[in-house]
Amino acid sequence: KMTQQMRDLQLAQARKPPGPSSPNAAKRLYRNLSGKFRVNYTSFDEGSLVGRGEKEKLRKSYLFQSNAALFEAVELQDLDRVQELLKHYSPEELDLNTPNSEGLLPLDIAIMTNNAPIARALLQAGAKESPHFVSLESRSLHLSTLVREAEQRVNELMAQVVNEAPNADCSEKEKQLKAWEWRFRLYKRMKAGFEHARVPDAPSSVHLSVASSSSLQVTFWEPLSVNSAVVTKYKVEWSCSPTFSPLLGEAVIDKLKDLHFTIQGLVSGTACHVRVSAYNMKGWGPPQASTPPFAIPSNWREYDGRAPRRRGQAEALDHLLGQVKTVHQHCICHEPCKNQPQSRKHSVSKSLKHLFHPGSKFLKTLKRGLYLTAIFYKDDNILVTHEDQIPVVEIDDTYSCLLMQDFLWFTKVSCMWDEILWLRQCVTVSQSSCSCILQTRFKMLLAISQMQGLLGIQDLGQVFFEPIKDKQGNILIVTLKEVKTNQTFESVRWVPICKLQTSRKSVSSPEEPTALDTLLISVQDKLAYHQRSSHALSPGLYLGYLKLCSAVDQIRVLVPERLPNILCHVKIRSNPNISREEWEWLQKMASVEEPVPTEPEADTSQNPLFQELQVAIKELMTLVNIPLQEAKDFRLYSQEVLDFGDQVSFLLLLPPSDDVCTAPGQNNPYTPRSGFLTLPLQIFELGEER
C-alpha cells in the first residue's frame, strides 16, 4: 500500500503543470538527493526491507515528502493536488498543523492569497491557522519580515549572477534567483491580501430550534460576501437577555464540516437568545441574531407530564422472564431433556420410518410437510451443505394445524435463539395429552435445535415475513442472517449464489415449482429484503402514514419496500424534538377537529412546524398515490409522538376512521404505486423492535 501511494504521488507530481519552483521545493530537492532522505519511488518494496529501524526511517521520509508536497501544492494554488493529498493521507501523516521554517501553515498561505477553494478544502480536513499570529500586528510584522528577507536574498543573488563569469556555479545561482524571485512575489501577494482584507460580514442566516428540554440546536450559514477573507471559525453566544448582557455562555467552532452547534445544559422553560459571528484573519465580524430571536428548551411530554412509554419495560420483562425461569427450574418436565447434545435430533415419532431416517443430516428433498431452512450469506456467497443444498430440516411431516398462528409464534421464538433448550424443557409434556398446536410448536423447537446443532451456531437470524408454500403441500419457513466476519460453520461451505442457481437441477415444472425451487429463484429478493429491513433512518422528525388491511387470520400493514421495518413516511425536518409549544398547537388543532394543514393560513404563516407539515403532507400524499383533496378528511394522531430512541420521532397521519383498516373484499380506490408491500402486523412489530 505504501509503495502504491508513493508511486501515485510521483505520478501526480509528473502531471503538475510547468511553473517556477519555490525555494522550499529547492531545499527539499537537495535533501532528497542526500543519502539520508533518498527514496527510490519506482523500486521501493516494503517486503524487501529488513529491520524495524530502517522501515521507520523510510516511513518518516515518506511522510516528509507528503508534507512537502502539500505545501508546494498550496503555494502553486493547485487545488487538484491538494484534494488528492487530503484524500490519500490523514492530517497526522501530512503534518497538517505543523508550521514550516517560515512559521506558516498551509491554511495561512491559502487564506492570505485569498484562495477560497483550497482554504475550504483544508478547513474541511481540520487545518488550523498558525499559532504565531496572536494579533493583527504580529501577522503584519511577520509578513513584512518575509517580504524584506526575500527581497534581500533576490538582490544578493542578482549581484552574484551579474558579477560572476558563466559557469556551472553561475547556472545554479540563476536557478536560485528565479526561485527566490517567485518567493518574493508570493510573499508580496500574501502581504497585499492581508492588508486589503476586512473582517467578515455576519453569517447569512442563523436558525434556532429546540433540541430537547435542556438544549437548543443552532444552524448557521456562511456570510454572503465574497470580497472578505476566508472565514476560519465561528462564535456562538447565548444569553437570557436580548442585549446579551450578561452572557450565559459562548463556544468557538473551528471544525467547519457541519455548520451547527448544540447548546447543552440549559434550564427547561427559560427563554434563551442566540447570535453567531464569523472570524477571519482580520478578526471577528458583526453578530447575526437567530431566527426566531429566542427559544425555550422543552419537550412535548412536558405538556401533560407524560413519562416515556417504554421506560422500565425492558427491565420489567427481564425480571419477569427470570421469575418464570425460577419457577420452571425444578420442573419434572426438564428431566428428559437434560444433558442432551443440541446436535442430536429428538424426534417424537416412534414409527418404523424414523429408524431408517438419518436424523443428524440436512434434507435434500421435501416430501409434503413443514420445514425450516436457514440462509446465511456474505457478500454474494451463501452457505450450502456438502451436497450443494441450502440447509433444510424437517419440522413436521404430518402438519395440519393453523399455519399463520404457528408461524407468528415461531417469529416470536426467533427473538430467543439462545433460550431454545430452556423453551423445549418447558414445553415437554406427554404427547398423548397435548393438543395439535402444542405438538407442532414442540416440533418447531426440536427443528431449531437440530439446525443450531448441525450448523454449530445459536443465532439463526431474522425470520422472512411469510413462509413459502407449493402445490405439493410443502411449507418452508425461512430465516436470514448476514455474516460479516470470516466465521466457520459445521457441515456447510460457502458458494456463490449465481453458481448455486445455475448448477441446481430443478425436479419440478416451471408452472408448479417446489418450495425449494421457489426459494432458490427468489433468494436475491429475500436477501435484499433482509438488508433493507435492518437499515436505520437518519436522525429527524418524520410523518408516517398508517394504513392497515385485514384478512381472515391476520392484519397487515403497508410499508415501503426500501425500508420494510418502518411505516410509509417522509422526513419533516432534521430535528427530532417536538417542543411543548409545538405540541400545544397540535393539540389545539385536534381539539377543534381541524383538517390537516394543506393550505397556508394567515395566523399560522409564522409557525415553522405548520409550514413543515404542509410540505410533508403534500409529499406523503403523492408518495402513497392519494389525491391531495382527500387529505382534508385525514387526521394527525394527537395522543403522542412516537419516539424511536433519542434521534428519530414520528407524527402519524391517519385516514378517516372507516378507512384505517381495509376489510376483505373492500375496494380501495387509491392503490399505492409500486415500491410498497404489506407485512403481517406482528412481523412489522418485531422488525421495528430490531
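**Figure 1. Contacts and surface of the whole chain in the predicted model.** Among the contacts in the chain that link residues at least 6 apart in sequence, 73% join residues at least 24 apart. The chain contains 20 helices and 24 strands, and 45% of its 690 residues count as buried. About 35900 Å² of the chain is exposed, and carbon and sulfur atoms supply 53% of this area.

**Figure 2. Cys 240 in the loop between strand 3 and strand 4.** The loop that holds Cys 240 runs between strand 3 (233-239) and strand 4 (249-253). Leaving aside residues up to four places away in sequence, Cys 240 touches Leu 248, Thr 270, Ala 271 and His 273. Although Cys 240 and His 273 are 33 residues apart along the chain, their C-alpha atoms are separated by 5.9 Å. Cys 240 counts as partly exposed because its relative accessible area is 46%, which falls between the limits of 20% for buried and 50% for exposed.

**Figure 3. Two cis peptide bonds that precede proline, at Pro 246 and at Pro 292.** Most peptide bonds are trans. The bond from Ser 245 to Pro 246, however, is cis, with omega near 5°, and Pro 246 is found in the loop between strand 3 and strand 4. The bond from Thr 291 to Pro 292 is also cis, with omega near -5°, but Pro 292 lies in strand 8, which covers residues 288-295.

**Figure 4. Helix 19 and the elements that its buried residues pack against.** The end C-alpha atoms of helix 19 (residues 608-623) are 23 Å apart, which agrees with the 22 Å that its 16 residues should span at 1.5 Å a residue. The buried residues of this helix are Leu 609, Phe 610, Leu 613, Gln 614, Ala 616, Ile 617, Leu 620 and Met 621. An α-helix has 3.6 residues a turn, so residues three or four places apart point the same way. The buried residues of helix 19 pack against several elements, among them strand 16 (540-545), helix 18 (580-591) and strand 22 (648-654). At the N-terminal end, Asn 607 caps helix 19, with a side-chain oxygen 3.0 Å from the backbone nitrogen of Leu 609, while Asn 625, which follows the helix, has a positive phi near 65°.

**Figure 5. Positive phi values at Gln 77 and Asp 388.** Most residues other than glycine have a negative phi. Gln 77, which is not a glycine, has a positive phi of about 55°, and it is found in the loop between helix 3 (52-75) and helix 4 (79-88). Asp 388 has a phi near 60° and sits in the loop between strand 10 (381-385) and strand 11 (392-396).

Methods:
Residues are numbered from 1 along each chain as its sequence is written. This is a predicted model: local features need pLDDT of at least 70, side-chain atom pairs count only at pLDDT 80 or more; totals for chains, interfaces and linings use all residues. Side-chain values use heavy atoms; hydrogens and water are left out. Helices (H or I, at least four residues) and strands (E, at least two) are DSSP runs, numbered from the N terminus. Buried means under 20% relative accessible area, exposed over 50%, partly exposed in between (1.4 Å probe, protein chains only). Contact means heavy atoms within 4.5 Å. The expected span of a helix is 1.5 Å times one less than its number of residues. A polar contact is a pair of N or O atoms within 3.5 Å; within protein, one must be able to donate a hydrogen and the other to accept it, and residues adjacent in sequence count only if both atoms are side-chain atoms. Accessible areas come from the Shrake-Rupley method with a 1.4 Å probe; for residues, only the protein chains shown count as cover.
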